[in-house]
Amino acid sequence: MTTRVAVTIAFAVLCGAAGAASAGDTFRCGSQLIQPGLSQAEVRAKCGEPTSQSVTTEDVRSGNQVVGKTQKSRWTYAKYSSTTVLVFDGDRLVAIEGATD
């Protein structure tokens, strides 16, 4: 196998893995695509009110020192047989858990 073919194959494999890893980072509300970085207002405008939500206050740490506080919100959207949880740090969506769309 030549070096050029090996590099091409390696690149294709890596691109495929990256695509699969990012597939769970989106959530579809009807025709609207929800992805990390959106604000709570943007998500609410696209998806409506969540089925349930919770808010916790967590320490922000630098090493062993507490340097501040942040609010983590978890919004749950339950539809049919799937449940998706959107995690916000402050006002920004940072994670999507359990998306099956």
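In what order do the four strands of the open sheet run? The order is 3-4-5-6, and the pairing is antiparallel. Before going on, a caution: this is a predicted model.

Let's stay with the sheet. Strand 3 and strand 6 are the edge strands. Each of them pairs on one side only. From one strand to the next, the twist averages 25°. Now take strand 3 and strand 4. Eleven bridges join them, in the antiparallel sense. At one position, Ser-62 stands opposite Gln-65 of strand 4.

Next, the helix on the sheet. Helix 2 packs there and touches strand 3, strand 4, strand 5 and strand 6. Its direction makes about 5° with that of strand 4.

On to the core. In soluble globular proteins, nonpolar side chains tend to be buried together. Here, the largest nonpolar core has twelve residues in all. Among them are Phe-27, Cys-29, Val-43, Cys-47, Trp-75 and Tyr-77. Leu-86, Phe-88, Leu-93 and Ile-96 belong to this core too. Which elements give two or more residues to it? They are strand 1, helix 2, strand 4, strand 5 and strand 6. Strand 1 covers 27-29, and strand 5 covers 82-89.

Now the charged side chains. Side chains of opposite charge can pair when their charged atoms come close. How many salt bridges does a search of the whole structure find? Five. I'll show some of them.

Start with Glu-42 and Arg-92. Their side chains meet in a salt bridge, 3.7 Å from N to O. Glu-42 sits in helix 2, residues 40-47. Arg-92 sits in strand 6, residues 92-97. The two are 50 residues apart, so this pair links distant parts of the chain. Buried or exposed? Glu-42 is partly exposed, with a relative accessible area of 35%. Arg-92 also counts as partly exposed, at 42% relative accessibility.

Then look at Asp-59. Its side chain meets that of Arg-61 in a salt bridge, at 3.8 Å from N to O. Asp-59 also forms a salt bridge with Lys-69, where the closest N and O atoms are 2.6 Å apart. Lys-69 lies in strand 4, residues 65-79, and Asp-59 in strand 3, residues 52-62. So this pair ties together parts that are ten residues apart in sequence. Through shared partners, salt bridges join Asp-59, Arg-61 and Lys-69 into one network. Within this network, Asp-59 is partly exposed at 34%, while Lys-69 counts as exposed at 60%.

Key: Residues are numbered from 1 along each chain as its sequence is written. This is a predicted model: local features need pLDDT of at least 70, side-chain atom pairs count only at pLDDT 80 or more; totals for chains, interfaces and linings use all residues. Side-chain values use heavy atoms; hydrogens and water are left out. A salt bridge is a side-chain nitrogen of Lys or Arg within 4 Å of a carboxyl oxygen of Asp or Glu. Buried means under 20% relative accessible area, exposed over 50%, partly exposed in between (1.4 Å probe, protein chains only). A nonpolar core is a set of buried Ala, Val, Leu, Ile, Met, Phe, Trp, Tyr and Cys residues joined through side-chain atoms within 4.5 Å. Two strands pair if DSSP finds at least two bridges between them. Axes are lines fitted to C-alpha atoms, for helices over the stretch in contact, and angles run from 0 to 180 degrees between N-to-C directions. Contact means heavy atoms within 4.5 Å.
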